[in-house]
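Please open the structure in your viewer and keep the selection tool at hand. The tour below goes from stop to stop, saying at each what to select and what is there.

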Amino acid sequence: MRFNVFKNTVLLFVFIMISCASKAKSKISLKNEISHTKKNDSVIIVGANQTDNYLSFLNGKRVGIVANQTSVIFKKEEITVIGTDPETNEQSVVHVVEKDTMTHLVDSLMALKVDIKKVFSPEHGFRGRVDAGELVKDGIDTKTNLPIVSLYGKNKKPTKEQLEGLDIVIFDIQDVGVRFYTYISTLHYIMEACSEQGIPVLVLDRPNPNGHYIDGPTLEVKNKSFLGMHPIPLVHGMTIGEYAQMINGEQWLKNGSQCDLTVISIKNYTHNTFYSLPLRPSPNLPNDQAIKLYPSLGLFEGTNINAGRGTEFQFQRFGAPFIDKTALPFSYTPVANFGAKYPKHKGVVCYGKDLKNEELNGVMTLKWVIEAYQNSTDKSLFFNTNNFTKHAGTDKLQKQIEAGLSETEIKTTWQDALERFKETRSKYLIYD
């Protein structure tokens, strides 16, 4: 009887400790060795987690950090719950709870007495809450009181004055492996500016969730913009660290200069490793499905088709008021929400397609852009030509779609450039 009373008391105690944060005694220990896992449970250790491998670069240095909400160190917190037998008043271990936690890189380094002088923020801002394309302002981080220098406001390349007084710059941002995702353009400008000022760059590498394939049209240099600065395919299949090495090696920086670059590589990672992002890399990529579909649906950003912004299924659906609802009857109405203050066709019913359960892996497809164009009741409303060319990296794709070419026919025209890129890419790979 006494055992049952003790057992029930303990179970209640554990429930209270886990669910309600009871004031009962507990012992907490942290393991700074876990990041995110593959499906086979072998541990991926991102660059930021390998503090012992890069702290020596920072000791005694004045440090700048290019960071956003994804710049975190992953930890596993072990909570050992100590229970008390109410009759004997004896204590014993009742349960050990493991909980995944995250600490921002800036907070972690400051706790280690690293002399951080300022933070540089990319598109969407330091905390990752600013709409796509919206200017990011300079400011002060309220948590650390560090100055924040926007690289998506008055200037996208750090000025000499903004880098003044720094001995090293860390770049740690989660990318998704798509050319028009602007973090790699920010990487270029950081490397270029630091090269000009003789400041080393330390890249803390992270997995590319779309790193297992290469696809899409290759950018033509005449169409260079912040949505694509280099002659690479739309899906490049490289991590941010590998891409930094390519920028250096191909002499893409101004005047062919090279940056003093160090990459802290990921442990236990290959390009075929499944990686589920634990945090949104930007406001409108909320989950794995959106990230997987983004290379294909991102082309809608250069059209007047809504790609799910203003809904809870960003980049998992598409639609517009001028799409034939008899052909594509799925409907939704975009509204202002987190990450989309002014979505396309705000407050207007859009007809199109729901893709939240679509199976797509290892390929970018044109089928939905073609389908939307073919079913537009007024095709003159479809393309925003200049913006579409910037996203596609070529003016040929719009012409091919308008001419009625099939996806297979269009993709055939990409193949020679893709093969050339693969040869170039192979020189800079860190991972199998």
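The stops that follow take in two helices, a group of paired strands, some aromatic rings and the cysteines, all in a predicted model.

**Helix H2.** Begin by selecting residues 51-58, which make up helix H2, and colour Thr51, Tyr54 and Leu58, since these residues of the helix are buried. If you look down the axis of H2, its buried residues fall within an arc of 90°, so they line one face of the helix. Now add Asp52 and Ser56, two exposed residues carried on the face of H2 that is turned away from the buried side. Just after the helix, select Gly60, where the backbone takes a positive phi of about 75°.

**Strands S7, S8 and S9.** Select residues 115-121 and residues 147-150 together: these are strands S7 and S9, which run parallel and are joined by three bridges. Within this pairing, show Phe120, which stands opposite Val149 in S9. Then add residues 139-140, strand S8, which pairs with S9 in the antiparallel sense over two bridges; here Ile140 has Pro147 in S9 as its bridge partner. S8 and S9 form a hairpin with six residues between them, and Asn145, in the turn, has a positive phi of about 65°.

**A lysine and two rings.** Which ring faces does Lys156 lie over? Select Lys156 with Tyr152, and you will find the lysine over the face of that ring, at 5.0 Å from the ring centre; add Phe226, and Lys156 lies over the face of this ring as well, at 5.2 Å from its centre.

**Aromatic pairs.** A search of the whole structure finds 14 aromatic pairs. Select Tyr269 and Tyr431 for one of them: the ring centres are 5.1 Å apart and the planes stand at 80°, so the pair is edge-to-face. The pair links distant parts of the chain, with Tyr269 in the loop between strand S14 (261-264) and helix H7 (288-297), and Tyr431 in the segment after helix H12 (415-426), 162 residues apart. Tyr269 counts as buried because its relative accessibility is 6%, under the 20% cut-off, and Tyr431 is likewise buried, with a relative accessible area of 6%.

Move next to Phe383 and Phe388, which form an edge-to-face pair with 4.8 Å from centre to centre and 70° between the planes; both of these residues are buried. For a further group, select Phe180, Tyr181, Tyr183, Tyr294 and Phe315, which ring pairs link into a cluster.

**Helix H9.** Keep Phe388 selected and extend the selection to residues 385-392, helix H9, whose buried residues are Phe388, Thr389, His391 and Ala392. Seen down the axis of H9, these buried residues fall within an arc of 165°, so they line one face of the helix. To see what they pack against, show strand S12 (215-218), strand S13 (233-235) and helix H10 (396-402). After H9 comes Gly393, with a positive phi near 85°.

**Cysteines.** Finally, select the cysteines: how many disulfides does a search of the whole structure find? The search finds zero. Choose Cys194 and Cys259, and you will see that the closest cysteine sulfur to that of Cys194 is the one in Cys259, 5.9 Å away, which is too far for a bond. Cys194 is buried, with a relative accessible area of 1%, and Cys350, the last residue to select, also counts as buried, at 0% relative accessibility.

Technical notes: Residues numbered from 1 in each chain as written. Predicted model: local features only at pLDDT ≥ 70, side-chain atom pairs only at ≥ 80, totals over all residues. Heavy atoms only, no water. Buried < 20%, exposed > 50% of the residue type's maximum accessible area, 1.4 Å probe, protein only. Helix = DSSP H or I, 4+ residues; strand = E, 2+ residues; numbered from the N terminus. Arc of directions from axis to C-beta. Phe/Tyr/Trp six-rings, centres within 6.5 Å; stacked < 30°, edge-to-face > 60°. Lys NZ or Arg CZ within 6 Å of the ring centre and 35° of its normal. Disulfide = S-S within 2.5 Å. Contact = heavy atoms within 4.5 Å. Pairing = 2+ DSSP bridges.
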